[in-house]
Amino acid sequence: MGRPVNELEELIEYGFSDRALLENALTHSSYVNENRAKRAGCYERLEFLGDSVLGMLTADKLYKEHGAMSEGELTRRRAMMVCEPSLAQAAHVLSLGDFIRFGRGEELSGGRFRQSILADVVEAVTAAVYLDGGLEAARRFARNHIFSQTEGAAVEDYKTALQERVQAVSTDPIAYHMAGESGPDHNKRFTAEVHIGGRVFGRGEGVSKKDAEQAAAREALKVYANR
């Protein structure tokens, strides 16, 4: 079982009028399947709504704060801020995984640490706050507990930066290769290499393949600039 939901209310500085919304946002379908008599709802419908609410709040923030930014750049930054790794990072900072209710099988398979689930629950909690307190409450939650963690990811898109740097001076192809992985299934670490023109220019590690590729691209940017 997860930690009591009132502890999460304290962490996010929002008290629910309808606490069942928050409980549903923190309930995985495996728990519902194993506890049908409790008539619990899972987070999937809330996740659907939260995806749209969070996307709108992110677009609104970027549009108002970056008046000179092009549509393409706004779109890219929004995608980076609400992508799975970014939302999972926000969940990690809130210890959100500690609050999720799982069925026994999903618990034993490491669901509490799974990046995709953590990202989904962030969206579900956003929707729960929105339904309970309205758009401004959701905006405060996103600003204080999501954007504070994800905005840096929008700037630090090293893969795009590397691509732009290389294409400015060369036609050499860029390719990413997984060089290894380690750790148990619920806490894996991946190693990636980036090849430019057939040569290794960077190597990096991360908790997902995407993170590892970003780390490799970051290293390659340094090497490529000094070659």
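A residue is called exposed when its relative accessible area is over 50%, buried when that value is under 20%, and partly exposed in between. These terms are used throughout the following account of the structure, which is a predicted model. By this scale E13 is exposed, because its relative accessible area is 64%. E13 is found in the loop between helix α1, residues 5–12, and helix α2, residues 19–25. The backbone at this position is also of interest, since E13 has a positive phi of about 60° although it is not a glycine.

The protein chain as a whole contains 11 helices and 3 strands. Read along the sequence, these elements follow the pattern α-α-α-α-α-α-α-α-α-α-β-β-β-α, in which the three strands come one after another and are followed by a final helix. The C-alpha trace spans about 60 × 45 × 25 Å along its principal axes. Of the 227 residues in the chain, 43% are buried. Among the contacts with a separation of 6 or more, 55% are accounted for by residues 24 or more positions apart in the sequence.

The surface and the charges of the chain can be described in the same general way. The protein chain exposes about 12,100 Å², and carbon and sulfur atoms supply 47% of this area. The chain carries 29 positive and 34 negative charges, and the mean positions of the two groups are 2 Å apart.

Among the helices, α8 covers residues 115–133 and therefore has 19 residues, and the distance from its first C-alpha to its last is 27 Å, close to the 27 Å expected at 1.5 Å a residue. Of these 19 residues 14 are buried, so α8 is largely enclosed by the rest of the structure. An α-helix has 3.6 residues a turn, so residues three or four places apart point the same way. After α8 comes G134, whose phi is positive, near 95°.

One residue of α8 can be followed in more detail, namely L118, which lies in this helix. L118 counts as buried because its relative accessible area is 11%, and the limit for a buried residue is under 20%. When residues up to four places away in sequence are not counted, L118 touches A88, A91, G97, I100, R112 and F113. By contrast, the C-alpha atoms of L118 and G202, which are 84 residues apart along the chain, are separated by 29 Å.

The loop between α6, residues 84–93, and α7, residues 104–108, is the place of S95, and D98 is placed in the loop between α6 and α7 as well. S95 has a positive phi of about 55° although it is not a glycine, and at 30% relative accessibility it counts as partly exposed. D98 also counts as partly exposed, with a relative accessibility of 34%. Leaving aside residues up to four places away in sequence, D98 touches G2, R3 and R112. The C-alpha atoms of D98 and F113 are 9.2 Å apart in space, while the two residues are 15 residues apart in sequence. R112 is among the residues touched by D98, and R112 is also among those touched by L118.

The three strands are joined through β2. Strand β1, residues 174–182, runs antiparallel to β2 and is joined to it by 8 bridges, and β2 is in turn joined by 7 bridges to strand β3, residues 199–206, again in an antiparallel arrangement. Strand β2 itself, residues 189–196, is mostly covered, with 7 of its 8 residues buried. Individual pairs show how the strands are matched: the bridge partner of G180 in β2 is T191, and T191 stands opposite E205 in β3. Further along β2, I196 stands opposite R199 in β3.

Both of these strand pairs are hairpins. The hairpin of β1 and β2 has 6 residues between the strands, and G183 in the turn has a positive phi of about 90°. In the hairpin of β2 and β3 there are 2 residues between the strands, and G197 takes a positive phi near 60°.

Methods: Residues numbered from 1 in each chain as written. Predicted model: local features only at pLDDT ≥ 70, side-chain atom pairs only at ≥ 80, totals over all residues. Heavy atoms only, no water. Helix = DSSP H or I, 4+ residues; strand = E, 2+ residues; numbered from the N terminus. Buried < 20%, exposed > 50% of the residue type's maximum accessible area, 1.4 Å probe, protein only. Contact = heavy atoms within 4.5 Å. Areas by Shrake-Rupley, 256 points an atom, 1.4 Å probe, with all protein chains shown as cover. Lys, Arg positive; Asp, Glu negative; His and termini not counted. Charge placed at Lys NZ, Arg CZ, Asp CG, Glu CD. Pairing = 2+ DSSP bridges.
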